[in-house]
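Good morning, colleagues. I should like to take you through one structure this morning, beginning with its overall form and ending with individual residues. Please keep the display in view as we proceed.

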Amino acid sequence: MKDSLILAIIIILLIIGIAIFAINKREGRKTEPNYRALFILGIVWLPIGIATDNPGLLGLGAVFLIAGLANRSKWKEEPRWSELSPERRKIMMLVVGGLSVLLLAVIIAYIIANNN
């Protein structure tokens, strides 16, 4: 049950990612990588990889960190919440709400899987 639950969560995340990619491609939007976010991912994943002795997290953290630092000149300032358009705020709230529900579902599934 534990493996099938993890697989189901991965499939759901992949479907969401593919849907977002398809919508952006259909509307003709070209997205540029957020190098600042890559740097932050690297800063977070690198010590986690070291602490857990996980070479995957360690390697990805190093790659993200280097990619973010190499493109430091392309970092953009993120707009404040009050500067966002009402449509963009609504989208952000839906994303945050959806991720919160997903986090809660994963926590509940983890608790259930460990109790059996």
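A helix, in what follows, is a DSSP run of H or I with at least four residues, and the helices are numbered from the N terminus. In that sense, P47 is found in helix α2. Please bear in mind throughout that this is a predicted model.

Let me begin with the fold. The protein has four helices and zero strands, and the order of its elements from the N terminus is α-α-α-α. Helix α1 covers residues 2-26. Helix α2 spans residues 35-52, α3 spans 55-70, and α4 spans 86-115.

How does the radius of gyration of the protein stand against that of a compact globule of 116 residues? Such a globule would have a value near 13 Å, whereas the protein has 17 Å. Along the principal axes, the C-alpha atoms fill a box of roughly 50 × 35 × 30 Å. Of the 116 residues, 10% are buried. Among the contacts with a separation of 6 or more, 48% join residues that are 24 or more positions apart.

Turning to the surface, the protein exposes about 9500 Å², and carbon and sulfur atoms supply 70% of that area. As for charge, there are 13 positive and 8 negative side chains, and the centres of these two sets lie 5 Å apart.

I come now to the aromatic residues. The structure holds two aromatic pairs. One of them is formed by F39 and W75, with 5.2 Å from centre to centre and 45 degrees between the planes, a tilted arrangement. Which parts of the chain does this pair tie together? F39 belongs to helix α2, while W75 sits in the loop between α3 and α4, so the pair connects parts that are 36 residues apart in sequence. W75 has a relative accessibility of 23% and therefore counts as partly exposed.

The other pair consists of W45 and F64: their ring centres are 5.4 Å apart and their planes stand at 55 degrees, so this pair too is described as tilted. It links distant parts of the chain, with W45 in helix α2 and F64 in helix α3, 19 residues apart. W45 has a relative accessible area of 26% and is thus partly exposed.

W45 leads us on to a neighbour in helix α3, namely L57. Which residues does L57 touch, once those up to four places away in sequence are set aside? They are W45, L46, I48, G49 and T52. The C-alpha atoms of L57 and W45 are separated by 5.7 Å, although the two residues are 12 positions apart along the chain. Is L57 buried, partly exposed or exposed? Its relative accessibility is 23%, and the cut-off for buried is under 20%, so L57 counts as partly exposed.

Let me return to P47 in helix α2. P47 is partly exposed, at a relative accessible area of 43%. Its C-alpha atom is 8.1 Å from that of G61, a residue 14 positions away along the chain.

Between α2 and α3 lies a loop that contains D53. Although D53 is not a glycine, its phi is positive, at about 55 degrees. With a relative accessible area of 67%, D53 is exposed.

Two further residues complete the survey. R89 is found in helix α4 and, at 30% relative accessibility, counts as partly exposed. Leaving out residues up to four places away in sequence, R89 touches W81, S82 and L84. R89 and I23 are 66 residues apart along the chain, and their C-alpha atoms are separated by 18 Å.

Finally, I18 has its place in helix α1. At 56% relative accessibility, I18 counts as exposed. From I18 to A67 there are 49 residues in sequence and 24 Å in space, C-alpha to C-alpha.

To close, I would leave you with the two aromatic pairs: F39 with W75, and W45 with F64. Thank you for your attention.

Notes:
Residues are numbered from 1 along each chain as its sequence is written. This is a predicted model: local features need pLDDT of at least 70, side-chain atom pairs count only at pLDDT 80 or more; totals for chains, interfaces and linings use all residues. Side-chain values use heavy atoms; hydrogens and water are left out. Helices (H or I, at least four residues) and strands (E, at least two) are DSSP runs, numbered from the N terminus. The radius of gyration is taken over C-alpha atoms; the globule rule is 2.2 Å times the number of residues to the power 0.38. Buried means under 20% relative accessible area, exposed over 50%, partly exposed in between (1.4 Å probe, protein chains only). Contact means heavy atoms within 4.5 Å. Accessible areas come from the Shrake-Rupley method with a 1.4 Å probe; for residues, only the protein chains shown count as cover. Lys and Arg count as positive and Asp and Glu as negative; His and the chain ends are not counted. The place of a charge is taken as NZ of Lys, CZ of Arg, CG of Asp or CD of Glu. Rings of Phe, Tyr and Trp (its six-membered ring) pair if their centres lie within 6.5 Å; planes under 30 degrees apart count as stacked, over 60 as edge-to-face and the rest as tilted.
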